[in-house]
Structure formats: structure tokens, C-alpha cells
Amino acid sequence: GGSFCAVKVRFLVLSGSTALKFSLGFNGSHLDYREYVTDDYAKYQNTMSEEQTYDVVKCNMGGVSLTAGIEKSLGKGPLRFVMGAGILYSIGAGTLTFDYGNDYKVYNSYKPSTIAMVDMTGTGDNLNGYTTQKFGIAYGRPAKRNDIGTVQQIGLAANIGLEYFVAERISVGVDACIVPVSFAWQSQSWAVYEGYSSLTQKVMTYNKLVSPGSHALTYGTSNLGVNISVGYYF
């Protein structure tokens, strides 16, 4: 429903306080999650070793949105109250990549220690399967995941907030927005796994389709967001 930052352009004034509005917004995030695991090589050299290394899960997400609609401004001073409504279109995508501290080696029986979220011993999340008889891989772990795929959304949007004019035609503002009804669709998603192959006698990667694609219809009052914007009046 909202964006971290937005640029709004009002290019046609319908009246003294009402104008057509186009709003372009974007958001994104990058997260490096790190967690300690047993250092397999140190443990192999000394069974009493408590040395540790760490695994890293990197999450990258981003998206853009475009809203076209009508906005009304109330007030005559530099600080004004604004409200509007329009059609929202947004597109976003995200991936997970994994960087492990332990490799597949003979001293760990080709089953390296990994964090719980990718543990393949049967006690953790198996992340949509990790074995493949075709390649002779009995133990695997994800190298990259694109579970989100590309998600697109179109819906009705409404906003309410405050706008402050720093110059005659330039303003900054903040508003709350709601998307009461929208339709979203998602492209196919996939994952890349790595594992030691008993057929090739080496570590290899293979692709696995997670989903052929999905869609959703959402409605209600819970899809809320906040926009920080810069506006220019033509």
C-alpha cells in the first residue's frame, strides 16, 4: 500500500485546490543474516574443539509503484491538508542467497554443518525438498532462492496527509494510504540447490521449480502504508 519514498507530479489543475496526480514510489531492503555453526574442519582435527564459523543468508527485495488519480488540497498557507484517490500499479521482486562457512568435504561426510533454517538432517525446514535421485544427491542445501518471483499488483488507492510548501511550486509531504481492494499475480518461482553427487564425485548445483505462479484478490482495511513525498506543481 505504501512506499519508502515517492515523487508526485501534478500536471493539470482542475480547480484552485484539485489536480490530477501521478505518484511514483519505490522501496527496497537488503539484509545479511548471520548465524554461528560448528567449524567442521576444526572439529575433525580435534573432536573437543568448540571453534565456530558462520553462515550468511542475504535477502534482497525491491519494488516500484505508480499511482494515477485525483488529489484535493485544503488550506491557504504553506502547510496544507491533502486527500486523494486513484489507481495503483506496483511491481516487486526478491531473492535469498546463501553463503556457507563449511563446504562439502570428506571429513564431514559431505554433510556440512549449516544453520537451522537450512538444516537438511530432517529436523529443520527442508525448503521444498533437497534430494534428487537423478543426480545421486542424498543431501543438499539451497544456494539461491527466488520464492517471491516477480509480483505485480493493481488496485484502488486512497490517501490522506499533510503537505508543506518550501517554495511556490515545490512541496514535501507525508501521507497515509490504503488499498481497499487489489488483484495481484506472481510469476513462477524457483530455487537453486547444491549437493555432493555420488555419480560425478563432486559438488554440483541443480534447479528446482517451487511454484508455477500464483494470484490473489485482497480487500479490507489492513493494507496500509506511509508515503514520504516531494511534489512539483506545473
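Before I turn to the residues, let me fix one term: a residue is called buried when its relative accessible area is under 20%. By that cut-off Tyr206, with a relative accessible area of 9%, is buried, and I should say at once that everything I describe today comes from a predicted model.

Let me stay with Tyr206, since it has a partner. The structure holds 8 aromatic pairs, and one of them joins Tyr193 to Tyr206 in a stacked arrangement, with 5.7 Å from centre to centre and 25° between the planes. Tyr193 belongs to strand S7, residues 189-197, while Tyr206 belongs to strand S8, residues 202-211, so this pair ties together parts that lie 13 residues apart in sequence. Tyr193 is buried as well, and its relative accessible area is 0%.

Elsewhere among the rings, Tyr41, Tyr44 and Tyr107 are linked by ring pairs into a cluster.

Next, the charged groups that sit over rings. The charged end of Arg141 is placed over the ring of Tyr100, at 3.8 Å from its centre, and Arg80 lies over the face of Phe165, where the distance to the ring centre is 4.5 Å.

Finally, the cysteines, which some of you may want to look up in the structure above. How many disulfides does the model contain? Counting as a disulfide a pair of cysteine sulfur atoms within 2.5 Å, the number comes to 0. As for their surroundings, Cys59 is buried, with a relative accessible area of 17%, and Cys177 is buried too, with a value of 5%.

Conventions: Residues are numbered from 1 along each chain as its sequence is written. This is a predicted model: local features need pLDDT of at least 70, side-chain atom pairs count only at pLDDT 80 or more; totals for chains, interfaces and linings use all residues. Side-chain values use heavy atoms; hydrogens and water are left out. Rings of Phe, Tyr and Trp (its six-membered ring) pair if their centres lie within 6.5 Å; planes under 30 degrees apart count as stacked, over 60 as edge-to-face and the rest as tilted. Helices (H or I, at least four residues) and strands (E, at least two) are DSSP runs, numbered from the N terminus. Buried means under 20% relative accessible area, exposed over 50%, partly exposed in between (1.4 Å probe, protein chains only). A charge sits over a ring if NZ of Lys or CZ of Arg is within 6 Å of the ring centre and within 35 degrees of the ring normal.
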